[in-house]
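Work through these exercises with the sequence and the model open side by side. Each task is followed by a stepwise solution.

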Amino acid sequence: MKRIEIFTDGACSGNPGLGGWAAVLRYKDVEKEINGGEEATTNNRMELKAVINALKMLKTACEADIYTDSQYVMKGATEWLRGWVANSWRTADKKPVKNSDLWQEIYHLNKQHTLRWHWVKGHAGHPENERCDLLARAAIESLRERLK
């Protein structure tokens, strides 16, 4: 099974506001950058979209190490997701899970791959995290220009 590294980040100009997401995928010596943006979104949604869009790039089942600076994504994927599924997409206090549409996508993509989640401190000089941050912000600026 292929082993791949995925670095992700999301950003928002306003929260909600214009948002951008980005990922860097690395397999051996080959890297691919992807990014995109959305109107009227949140930072958390962009963090999730970065992971989803990166996983959708994988053509076969892979072992993937996913690096994120989002505690929301990290805890959601490693601690909360199993309970949300068991509770029919409700939190422990019976409220609907925020961003459940995106979490459901991650849940289904998780079944296709072996995912290992890693948290990295954001804006702390981690090269790939800084690169993803720049790409996510560039996606916001590109979207802003298209909307003028």
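**Exercise 1. Where is proline 16 found?**

Solution. Proline 16 sits in the loop between β1 and β2. Helices (H or I, at least four residues) and strands (E, at least two) are DSSP runs, numbered from the N terminus. Next, check the peptide bond: asparagine 15 and proline 16 are joined in cis, with omega about 15°. Most peptide bonds are trans.

Before going on, note the ground rules. The model is predicted, so local features need pLDDT of at least 70 and side-chain atom pairs count only at pLDDT 80 or more, while totals for chains, interfaces and linings use all residues. Residues are numbered from 1 along each chain as its sequence is written, and side-chain values use heavy atoms, with hydrogens and water left out.

**Exercise 2. Find the backbone angles of alanine 40 and lysine 94, then state whether each residue is buried or exposed.**

Solution. Step one: phi of alanine 40 is near 45°. That of lysine 94 is about 70°. Both values are positive, and neither residue is a glycine. Most residues other than glycine have a negative phi.
Step two: alanine 40 belongs to strand β3, whereas lysine 94 lies in the loop between α2 and α3.
Step three: apply the accessibility cut-offs (buried under 20% relative accessible area, exposed over 50%, partly exposed in between; 1.4 Å probe, protein chains only). Alanine 40 is exposed at 68%. Lysine 94 is exposed at 59%.

**Exercise 3. How many disulfides does a search of the whole structure find?**

Solution. Zero. A disulfide is a pair of cysteine sulfur atoms within 2.5 Å. Take cysteine 12: the closest cysteine sulfur, in cysteine 132, is 16 Å away, so the gap is too far for a bond. Cysteine 62 also has its closest cysteine sulfur in cysteine 132, at 17 Å, again too far for a bond. Now check burial. Cysteine 12 is buried at 18% relative accessibility, and cysteine 62 is buried at 4%.

**Exercise 4. Describe the surroundings of isoleucine 6 and glutamate 128.**

Solution. Start with isoleucine 6, in strand β1. Isoleucine 6 is buried at 1% relative accessibility. Contact means heavy atoms within 4.5 Å. Beyond four places in sequence, the contacts of isoleucine 6 include Val24, Leu25, Ala54 and Ile66. Asp65 is also one of these contacts. Isoleucine 6 and aspartate 65 are 59 residues apart along the chain, yet their C-alpha atoms are separated by 6.0 Å.
Turn to glutamate 128, in helix α4 (residues 127–147). Glutamate 128 is buried at 14%. Leaving aside neighbours within four places in sequence, glutamate 128 contacts Phe7 and Arg26. A polar contact of 2.6 Å links the side chains of glutamate 128 and arginine 26. The term covers a pair of N or O atoms within 3.5 Å; within protein, one must be able to donate a hydrogen and the other to accept it, and residues adjacent in sequence count only if both atoms are side-chain atoms.
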